[in-house]
Amino acid sequence: MSGTQLRLVGGTVYDPANQVDGETRDLCIEDGRVVPSLPDRAPSLDLRGMVVMPGGVDIHSHLASASCNHARRLLPEEHAADPMPLPTLVDGDRARSGTGGTVPSTFTTGYRYAGLGYTTVFDAAVAPLTARHSHAELDDTPCVDGGIFVLMGNDEYLLRQIAAGERERARDYAAWLLGSAGGYAIKIVNPGGIEAWKSGQRNLNGLDEPLAGRGVTGRAILEALANAGHELGLPHPVHIHCNNLGMPGNAEVTLASMQALTGRRAHFTHLQFHSYGGPGWKSGAAQLMDYVNAHPELSVDVGQIMFGPATTITADGPVEYLLHRSSGRRWVNIDIELETGCGIVPFVYKDKAAVTALQWAIGLELFLLSQDPWRVVLSTDHPNGGSFLSYPALIQLLMDRTIRDERLKQVNPKLLAGSALADGLTREYTLNEIAIITRAGPARLLGLKHKGHLGVGADADVTVYSRDSDIARMFATPRYVLKGGSLLVEEGQLRRAPAGRRLRLAPGYDDAVLPDLRRYFEAYSTVSFANYPVQGIRDEPLPL
Amino acid sequence: MSADRLVEHVTCLGCGCSCDDVTVRVVQDHIVDVAPVCPVGRAWFGDGQVPSRVLSQGGPVTIEQAVERAAHRLAAAKGRCLVYLGLDLSTQAQGAATALADQLNAAVDCATSDTAAAGLTTAQRRGRASATLGEIRNRGDVFLFWGVDPSDRYPRFLARYSLEPAGIQVPEGRRGRYVISASIGDDRGLGGADSTFALGPEEEITALTLMRASVSGNPVTAKSPLATRAAEVAQRLVGARYAVLVHDAEPSAQQRNPLRVEALVALTQALNGPTRASLCSLRGGGNRVGAESMLTWQTGYPFAVDYSLGYPRSQPQRRGLAGVASGRYQASLVVGAIPEEHALGFSGLSPILIGPRASSAPFDTSVAIDTGVAGIHDQGTAYRMDEVPLPLRPCLVGPRSTVDVLESLAQAVQDRLNSGAR
């Protein structure tokens, strides 16, 4: 079935990018792409009665980075409890065993994403100093196309350019850094706050508190990098993790961050963690989603928390320290020279805990109050809010109000007074909307023209589900998954595990920045300037 | 590559510093100079000459014959094999060897010393507070060297990564840093420190515990010289803008108290309440840290992994080499250079040896295939002691690529397993 031609016959197709909403259609695939037609003798697969969607696109995950590897090492008990024996592959592919848990080993990560029907995944937070490591992990993560977002919001050289008012040099540096790391997008985490943590200021409170001795604010960092992304013509706008993650009342700074970039494209990630009203703990979801609904230049992913084990991994060092102190759990902190930080705390979200129940409710409110599914993407900030394996259960909560309301009755209600969810949100997502928030929408927001849809010319990444009244089971066990026309999953079993394609960019820049940058490296870096850029990445950069 | 030349930005794997600013001068395919000069690095580079033999039972064979014989031996012992990751391997070679271990349901272990392993398991229990070396250099204003003088085994650590260079937050370099040095029994501390003291091995855990109590805000009311000293050091550390605790994660001649690393991790974590602090664990060279990193991403565990049930299991209490002596394995594949302290462990097992100077091993081998040294002959990636990955820029042509040999072997093993002809 892995030949160059395949006709998918009679499936019920959900392809929202091409305005196909549950229509019975054939799909023709040749040489890894969707084509208009095939000869009658082409091999076929009977999909009558089944649901057909583009392969899933995860816009925000943590799967392949030095930080993930620190987290993996921290979790031997999870790995021991969740072994992954060798799958039986065909076509001579050599399979690899592995281990799971909230941060699975690399091969297992690839297999499990494929088994879930996801075929494109991005690691959303990579320190450029360790980008070489991320690419090595991605080389060992089969089945999915993918890439990395490059952390820039606390970068020493960038902070210097912003402080000096060198706007163009900041842009050129961002371009150089993105290309050197083999990255796909600019990522900002707690703008300025990580440098504050490392330098003893501990954190920045809000968007306008300056970094001590520098005068640079989170606002200035946001604006500089948003402008850089725009001027460089990057397909995905700056990907922003706002200040004060996890703090009660942080919706205020989140809103201020959105307002700071009014009129400019920007993606606000794991919004749930930034949607807490104040004073005390309460939902700020409605306020923020009202703003997002009214501003088509903005997009978000939700970062839903799901009850159960998780591992919090973030460059946002100060928030992990606080989580460690408040939870008493194991804690890793790694300060990364000149660039960023890394914090890790394993965690369990309990439905009887008032704050986590509120977090759960806020995430659902964001989904259910959204008026434009194209700009509100499904994510759990894997593994921060829960494993990517919990996506099917989340989809069920969105599609089935009865189950959602039953679940709501079981959680701690202490902080839910006044929340929209507790007041009764009746919306139920349709299959078409699920297709938008899990594939069509994120592909469009990422500027991946060949992903997230099934039109002629699209990558033949296709997921086929058997209809099931149990929505979670339906989405957890796709019947077939194709990637680039190759059948990875047949009858629910992983059969092929080809290497994925690396999605990266190399934007142009004025190389007048290089002499100054070389001097800076010689003065402060412990890695040679010549050795810093990652060489030998598997695939060429995508055209801009 | 026969022309005389200078190769710049070469990464040295002589110790865990993995300095990547080395210029190597090559004349007539021999390394004749390396700069900056460091005794450990100079010894590691040598003249770059390695043998290029392929042996089976001590006699010369073709590479194809050697691979076939190795595949036969390994496939026949599937489920009772050891794959040992030695030193001077690229991470790519380490990964290829681990793939073989997976194929063979083998145990796979690496050159991680038991002392270093104790640090890794401590980090699994508690986490850790650490930093990359540049962070230490750019921020550290108070240093505590705990039973270590890095000058001997990590010669450029002080000059390139810690005390001496100017840092962004410490523009005066050494003059801007306060250095405390603790000697622990025979583990002597750093010379030339601003403050020094000595403890007996039996006192160190108490001292570190008292310091942790103090930095956590508990008044130390115990009246003893040790308590007084601990409180003074703790006060100095708390007064730092960014404190750096340095210890040697590799073994020394003195029997190491296994609780030392746990006490240091706990103290450093506690210091991040009143100030910022990181623990710097000095590690040996040869890309041993890369093996731990790769094993972690491929299996979830950093060392001592057992695939015998068809998936990786962590067996820290059953290190690979210990199993050799107990007769647990029918065949072993040793890849890379073997640390001296481990060489005896393979006597009597006649392993398959693939790596630099394999043909000169001080024990019998069933198959020996000479390959290049990562960073001198083999390209790829290696990891610094702080887990920063660096590129390897070969300056000489080696006998053959370690990765290529391992991939040929993996294919030959697979063919045998598929055909049922073990």
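This passage looks at two domains of chain B and at one helix from each of chains A and B. The model is predicted, with local features requiring pLDDT of at least 70, side-chain atom pairs counting only at pLDDT 80 or more, and totals for chains, interfaces and linings using all residues. Residues are numbered from 1 along each chain as its sequence is written, while chains are lettered from A and ligands numbered from 1 in the order in which they are written.

Chain B splits into domain 1 (51–111 + 286–419) and domain 2 (115–282), with bounds from an automatic or database domain assignment. Their C-alpha centres sit 35 Å apart. Eight residues of domain 1 of chain B touch six of domain 2, contact being C-beta atoms, placed from the backbone, within 7 Å. On the domain 1 side, five are nonpolar (Ala, Val, Leu, Ile, Met, Phe, Trp, Tyr, Cys and Pro), three are charged (Asp, Glu, Lys and Arg) and none is polar (the others, Gly among them).

Helices (H or I, at least four residues) and strands (E, at least two) are DSSP runs, numbered from the N terminus. H4(B), residues 114–126, has its end C-alpha atoms 18 Å apart, in agreement with the 18 Å expected for 13 residues (1.5 Å times one less than the number of residues). Its buried residues (20 or more other C-beta atoms within 10 Å of their own, C-beta atoms being placed from the backbone) include B:Leu120 and B:Thr122. The buried residues of H4(B) pack against helix H1 (66–73) of chain A, as well as H9 (259–271) and other elements of chain B.

In chain A, 11 of the 15 residues of H6(A) are buried, so this helix is largely enclosed by the rest of the structure; A:Trp176 is among them. A:Gly182 follows H6(A) with a positive phi near 65°.

Notes:
Two residues are in contact if their C-beta atoms, placed from the backbone, lie within 7 Å. A residue is buried if 20 or more other C-beta atoms lie within 10 Å of its own, exposed if 12 or fewer, and partly exposed in between; C-beta atoms are placed from the backbone.
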